[in-house]
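Visitor: I would like to learn how the words used for a protein model are earned. Could you show me one and take me through it?

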There are 4 protein chains.
Amino acid sequence: MSEQLEKRISNVFKYRVPYADTDQMGVVYYGNYLTLFERARNELMRSLGWTYKECEASGWMLPVVHAEVDYKSPARYDDLLEVTAYVKECRGVRLEIACEVRRSGEEAVLAKGFTIHCFVSTQTFRPILPPQEFLEMLK
Amino acid sequence: MSEQLEKRISNVFKYRVPYADTDQMGVVYYGNYLTLFERARNELMRSLGWTYKECEASGWMLPVVHAEVDYKSPARYDDLLEVTAYVKECRGVRLEIACEVRRSGEEAVLAKGFTIHCFVSTQTFRPILPPQEFLEMLK
Amino acid sequence: MSEQLEKRISNVFKYRVPYADTDQMGVVYYGNYLTLFERARNELMRSLGWTYKECEASGWMLPVVHAEVDYKSPARYDDLLEVTAYVKECRGVRLEIACEVRRSGEEAVLAKGFTIHCFVSTQTFRPILPPQEFLEMLK
Amino acid sequence: MSEQLEKRISNVFKYRVPYADTDQMGVVYYGNYLTLFERARNELMRSLGWTYKECEASGWMLPVVHAEVDYKSPARYDDLLEVTAYVKECRGVRLEIACEVRRSGEEAVLAKGFTIHCFVSTQTFRPILPPQEFLEMLK
């Protein structure tokens, strides 16, 4: 499972920007992209037939150990965004999910980034190998 | 335009709760309902053929002068919520919009509340009467 | 304990407004005042020799059942705010805490409001009477 | 000004974690660290005798073009955090500011990361060289 999974396993999530997400520069505040990435990851999971809620119920969770974002062009109030999320890599106890944000119907990437997660037991809070079913899902 | 408009002019907005909205009690943090109300108001406007973005472009805005929320039962991570927003009253320079939050497909109201807005000029920041087109829209 | 406790038991909390709290109107987004109220309530508790964290550790919590805010004048980026929180009433299983937001050193109230909380057991999630120590603290 | 400025120009900002910042894992939500970094950058500027508000008033701003965070150990509700911010590099039109988050009085770093900003004109929204006064300040 160490090969690049890039864009093989992906999903597009649509999101309408509320006033709440903007700042006084008139653009989406930089910190809010991480929430946007989370929403896109949730829907990526759902598109694969799972939900992250079920993961936690099954005894494992995926806390973020690293996150990064490149901001290329601002998103604005009332923009309909499309966030493409895809599994970039799943190796050992780590899972990397990348995201790209575009305005709906446009080519240009407004922001992109990725998060690295660690498979952790909800009981011991220690790293564990991903469940076999999860690895199956990625195939 | 002083009569009750209750539920004549309404719209239902669907929203999936992200982890970001929860707090350590395992429920949606109480402050986040106001953002949810805003999202529902935006979609109410859109359902009427307007957007709040166009309002601002036309020279008027609707800052909130009062907000209140009753919390009846908690919403949780990954819940698919339905937020019904409706114009409750439009009188003078004031507009009242009420919201009710339910889990999709369920009857029980999880939270409800309303916001009172004042029609304000984007130029002078002073109260103004609502534009005639807006009043037409409410009829 | 049904008498008005207004302003007898109060605390002032200082808060510097970050960019994150603003919206494209150039003012603090209306929903963020509820987070500000929470910060002020936390510090009110601490000023009384308790922390809300200890409450939860002792088996009871104080979920919000009602919140309201009057917005009078906007707070802006980098404003140093003073949020005065005070116990307004403690009756039966309910606790009401009011808050007023001012710019540091100024008289004018920018926003004010209150939250009503219910004493709830962390075990049963059912309403319980406030612990005796808590009532002592309010005297 | 291309040399490493690391930790020569730094400031420590204290922050008490509210319930609002936590998620249902019982820890500070990963996206909220970017707001925390912003707060620390604001106070770093202030410690140098400037405010970011004054920068914008002077005609330039510092939008974030890249951000990253390493999450090592979770921060929790009511933790008193210390966020050390320091100017890591200022080269051409770019400024890099790094942040480290610790629990007050503890050595261990809970999270660390950095943001890269671009000097931009508030009029043209185009990159500009940093004002001479700003470079002086960094010396």
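Visitor: Why is A:Arg41 called buried or exposed, whichever applies?

Guide: A residue is buried if 20 or more other C-beta atoms lie within 10 Å of its own, exposed if 12 or fewer, and partly exposed in between, with C-beta atoms placed from the backbone. A:Arg41 has 26 other C-beta atoms within 10 Å, so A:Arg41 is buried. Please keep in mind that this is a predicted model, where local features need pLDDT of at least 70 and side-chain atom pairs count only at pLDDT 80 or more, while totals for chains, interfaces and linings use all residues. Residues are numbered from 1 along each chain as its sequence is written, and chains are lettered from A and ligands numbered from 1 in the order in which they are written.

Visitor: Where in chain A is A:Arg41 found, and what is A:Arg41 in contact with?

Guide: A:Arg41 belongs to helix H1 (residues 32-47) of chain A. Helices (H or I, at least four residues) and strands (E, at least two) are DSSP runs, numbered from the N terminus. Two residues are in contact if their C-beta atoms, placed from the backbone, lie within 7 Å. Setting aside neighbours within four places in sequence, A:Arg41 is in contact with A:Ala85 and A:Ile97. A:Val83 is 42 residues from A:Arg41 in sequence and 9.3 Å from A:Arg41 in space, C-alpha to C-alpha.

Visitor: What makes D:Val109 buried, exposed or partly exposed?

Guide: D:Val109 has 14 C-beta neighbours inside 10 Å, so D:Val109 counts as partly exposed. D:Val109 sits in strand S6 (residues 109-118) of chain D. Not counting residues up to four places away in sequence, D:Val109 touches D:Lys72, D:Glu100, D:Val101 and D:Arg102. D:Pro130 is 21 residues from D:Val109 in sequence and 31 Å away in space, C-alpha to C-alpha.

Visitor: How do you know whether the radius of gyration of chain A agrees with that of a compact globule?

Guide: The radius is taken over C-alpha atoms, and the globule rule is 2.2 Å times the number of residues to the power 0.38. For 139 residues a compact globule would come near 14 Å, and chain A has 16 Å, which agrees. The C-alpha trace of chain A spans about 45 × 30 × 25 Å along its principal axes, and buried residues make up 42% of the 139 residues. Chain A holds three helices and seven strands, in the order β-α-α-β-β-β-β-β-β-α from the N terminus on.

Visitor: How do you know how chain D and chain A are related?

Guide: Copies are superposed by least squares on the C-alpha atoms of residues with pLDDT of at least 70 in both. A rotation of 180° with 0.0 Å of shift along its axis lays chain D on chain A, with an RMSD of 0.0 Å. The two copies are thus related as by a two-fold rotation axis. In chain D, D:Glu68 comes closest to that axis, at 2.1 Å (C-alpha).

Visitor: Why can one say that these copies meet through the same surface?

Guide: Of the interface residues of chain D, 100% are also interface residues in chain A, so the copies meet through the same surface. In this contact, 15 residues of chain D meet 15 residues of chain A. The largest share of the chain D side, eight residues, comes from S3(D).

Visitor: What makes strand S3 of chain A and S3(D) a pair?

Guide: Two strands pair if DSSP finds at least two bridges between them. Five bridges join strand S3 (residues 64-71) of chain A to S3(D), and the strands run antiparallel. A:Glu68 stands opposite D:Glu68.

Visitor: Why is one side of S1 of chain B left without a neighbour in the sheet?

Guide: The open sheet has ten strands in the order S1(B)-S4(B)-S5(B)-S6(B)-S3(B)-S3(C)-S6(C)-S5(C)-S4(C)-S1(C), with antiparallel pairing. Strand S1 (10-16) of chain B and strand S1 (10-16) of chain C stand at the edges with a single partner strand each, so one side of each has no neighbour in the sheet.
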